[in-house]
Amino acid sequence: MISKKVIILGAGIAGLASAVRLRAAGFDVHVIERADGPGGKLREKWIGDFRFDLGPSLFTLPENVEDLFRIAGEQASDHFQYAKLEHVCHYFFEDGTRFQAHSDTEQYTKALCEAFGEEKSAVEKFLKQAHETYELTAPVFLKSSLVWSDLRKKKETWSAIARLHKLPISGTLATKLRRTFRNPKTVQLFSRYATYNGSNPYSTPAMMMLIPHLEHGIGAFLPKEGMYAISKSIFELGKRMGVSYTFNTPVDEIVVENRKIKGVKAGGDFYASEIVLSNIDITPTYRLLLKDKYSPERILGQEKSSSALIFYWGIRGEFPELDVHNIFFAEDYKKEFDAIFNEKILPEDNTVYINITSKANKGDAPEGSENWFVMINVPHLNGQDWQEYKQRAKAQIIQKLERILGKKIEENIVVEEILEPQLIQDRTGSYLGSLYGNASNNTFAAFRRHHNFSKEIDGLF
């Protein structure tokens with residue numbers, strides 16, 4: 001029996017997943033989205049004969065998707081298939097060093113020691129601590145709202161407190177890595193995981209060492225129809241369950257009376273509801289939709305994460321030395337992050353990430369060609385000239401790739417589109433083009449996240 005109505009603002013991945021969970025719990029769920037389809041950042045686009053996932057490109061923790069089908073009484077494999085990657089990533093360094101990271105932990109450890117001269121015991125100890133850190137902190141930070149009244153009821157909270165001595169609670173990630181490994185390349189390799197939530201490895205807490213466990217302890221995966229299959233399958237699941245969706249409709253206002261939710265104004269219509277769940281970035285939710293009512297200024301004023309500059313290139317020819325995930329490191333990593341986070345400018349030398357899904361899903365590019373998703377980390381919007389940055393970044397990237405690979409790139413680009421921070425903000429509502437909202441560049445960042453409900457407005461989540 002349907003109990004209450006819930007309006008969800010935004011059909012990004014969290015909005016889609018929340019719709020499924022709330023519908024399974026008996027709510028009447030309606031999702032409103034300003035774009036013409038579901039997915040938010042996790043969408044796809046065909047450019048000519050090449051298919052691209054527009055946003056996230058690495059799939060970890062597939063059980064989180066499978067769980068949505070389970071609570072809906074369906075079998076995930078009937079609607080959504082994925083495969084574990086044999087190799088997590090190919091790494092390329094400026095001095096010609098190349099390293100292939102195998103998904104098997106034993107093979108990965110052995111290859112890492114051989115390539116960079118690390119002690120096997122040091123690598124094993126690090127990966128073990130990454131595993132322990134994940135197991136202790138995930139129930140508290142990833143699977144709970146950070147509200148003490150809720151956390152104190154969970155045995156996992158007390159387990160984490162009791163084993164606090166096992167957690168890397170002091171220092172930065174970069175400091176932790178320098179103390180663990182002897183080779184700067186190993187330090188650089190593990191430092192990159194800070195970018196998974198748009199943070200700076202030289203500022204983010206050492207606790208972020210847990211992120212490599214997702215890839216090397218659990219696994220890196222790729223959906224058989226691309227990353228967009230995640231959004232698409234959850235959207236279609238919601239439809240089968242009776243969730244309703246309205247697209248091409250920007251939200252104008254969250255209506256509040258006497259500190260209680262009354263509904264939403266969107267596209268010239270009023271949608272009455274006592275509960276609203278906003279999957280829109282927290283800053284525009286308060287600044288634009290709530291008209292600055294009850295704004296949590298301390299949270300809204302925190303440092304924002306990095307953004308991205310992405311080139312979608314259809315490439316004529318095949319590059320056997322590349323895999324699904326590839327990293328071309330900057331020579332001076334510290335200088336790159338100083339430029340992004342401190343100076344807020346385009347670095348002179350960027351680390352370049354290339355995702356090529358056609359390596360696994362052949363239909364994503366014509367025969368004899370590849371679809372390159374080429375991304376660099378850049379600062380969020382701060383008055384920069386992105387037209388000039390796009391031209392300069394493209395030239396830098398091509399020079400770097402041609403130098404390291406020893407092959408022509410530019411003359412083999414047959415289609416191209418570019419996504420920069422301003423477009424990210426305009427298309428997805430991500431404030432200042434920041435990909436991950438507030439950055440995690442201090443010890444207490446996790447504790448300063450906004451709760452998943454409002455203390456000031458009854459019915460707002």
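**Exercise 1. The second largest pocket**

Task: In this predicted model, determine how much space lies in the second largest pocket, and work out which residues and elements line the second largest pocket.

Solution. Start with the volume: about 290 Å³ of space lies in the second largest pocket. Next, look at the centre of this pocket, where P184, K185, Q188, A330 and E331 are the closest of the 15 lining residues. Then assign the lining to elements: helix 8 (184-191) and helix 13 (333-343) each supply at least two residues, and helix 8 contributes the largest share, with four residues. Finally, sort the lining by class, which gives seven nonpolar, one polar and seven charged residues.

**Exercise 2. The surroundings of strand 17**

Task: Establish how many of the residues of strand 17 (residues 369-378) are buried, and find which residues of other strands are paired with F373.

Solution. Begin with accessibility, for which the cut-off is under 20% relative accessible area for a buried residue. Ten of the ten residues of strand 17 are buried, so the strand is largely enclosed by the rest of the structure. As a second step, recall that in a regular strand the side chains alternate between the two faces of the sheet. In strand 17, S369, N371, F373, M375 and N377 point one way, while E370, W372, V374, I376 and V378 point the other way, and residues of both sets are buried.

The third step is to follow the pairing. Strand 14 (residues 307-316) is joined to strand 17 by ten bridges in the antiparallel sense, and within this pair Y312 has F373 as its bridge partner. Strand 16 (residues 352-355) also runs antiparallel to strand 17, with three bridges between them, and here N355 stands opposite F373. F373 is thus matched with Y312 of strand 14 and with N355 of strand 16.

**Exercise 3. A hairpin and the cavity beside it**

Task: Describe how strand 3 (residues 44-47) and strand 4 (residues 50-53) pair, and then identify which residues line the second largest cavity.

Solution. First take the pairing: strand 3 and strand 4 are antiparallel and share four bridges, with E44 standing opposite D53. Two residues lie between the strands of this hairpin, and G48 takes a positive phi near 65°. Next examine the faces of strand 4, which are both covered, since F50 and F52 on one side and R51 and D53 on the other are all buried.

Now turn to the cavities, of which the count is two at 30 Å³ or more. The second largest cavity has a volume of about 30 Å³, and its lining consists of R51, F52, D53, N355, T357, N371 and F373. Strand 4 and strand 17 are the elements that give two or more residues to this lining, and strand 4 gives the most, with three residues. By class, the lining of the second largest cavity has two nonpolar, three polar and two charged residues.

For comparison, the largest cavity holds about 40 Å³ of space and is lined by E303, K304, S305, S306, I340, F341, K344 and H380. The lining of the largest cavity divides into two nonpolar, three polar and three charged residues.

**Exercise 4. An open sheet**

Task: Work out in what order the strands of the four-stranded open sheet lie, and which strands form its edges.

Solution. The order of this sheet is 9-2-1-13, and its pairing is parallel. The edges are strand 9 (244-246) and strand 13 (275-278), each of which pairs on one side only. Neighbouring strands of this sheet are turned by 20° against each other on average, direction ignored. To see one edge in detail, consider strand 2 (residues 28-32), which runs parallel to strand 9 and is joined to strand 9 by three bridges; within this pair, V31 stands opposite Y245.

**Exercise 5. Two residues at one accessibility value**

Task: Decide whether Q129 and S295 are buried or exposed, and locate each residue in the chain.

Solution. Q129 lies in helix 4 (residues 120-142). Its relative accessibility is 16%, so Q129 counts as buried. The side chain of Q129 makes a polar contact of 2.8 Å with the side chain of K176. S295 is found in the loop between helix 11 (282-289) and helix 12 (297-300), and at 16% relative accessibility S295 too counts as buried. As a last step, relate S295 to A19: the two lie 276 residues apart along the chain, and their C-alpha atoms are separated by 25 Å.

Conventions: Residues are numbered from 1 along each chain as its sequence is written. This is a predicted model: local features need pLDDT of at least 70, side-chain atom pairs count only at pLDDT 80 or more; totals for chains, interfaces and linings use all residues. Side-chain values use heavy atoms; hydrogens and water are left out. Buried means under 20% relative accessible area, exposed over 50%, partly exposed in between (1.4 Å probe, protein chains only). Two strands pair if DSSP finds at least two bridges between them. On a 1 Å grid over the protein atoms alone, a cavity is a set of points where a 1.4 Å probe fits but cannot get out, and a pocket is an open set with protein on both sides within 12 Å along at least five of seven lines; lining residues have an atom within 4 Å of a point. Grid points are joined across faces, edges and corners, and a volume is the space filled by probe spheres set on the points. Ala, Val, Leu, Ile, Met, Phe, Trp, Tyr, Cys and Pro count as nonpolar, Asp, Glu, Lys and Arg as charged, and the others, Gly among them, as polar. A polar contact is a pair of N or O atoms within 3.5 Å; within protein, one must be able to donate a hydrogen and the other to accept it, and residues adjacent in sequence count only if both atoms are side-chain atoms. Axes are lines fitted to C-alpha atoms, for helices over the stretch in contact, and angles run from 0 to 180 degrees between N-to-C directions.
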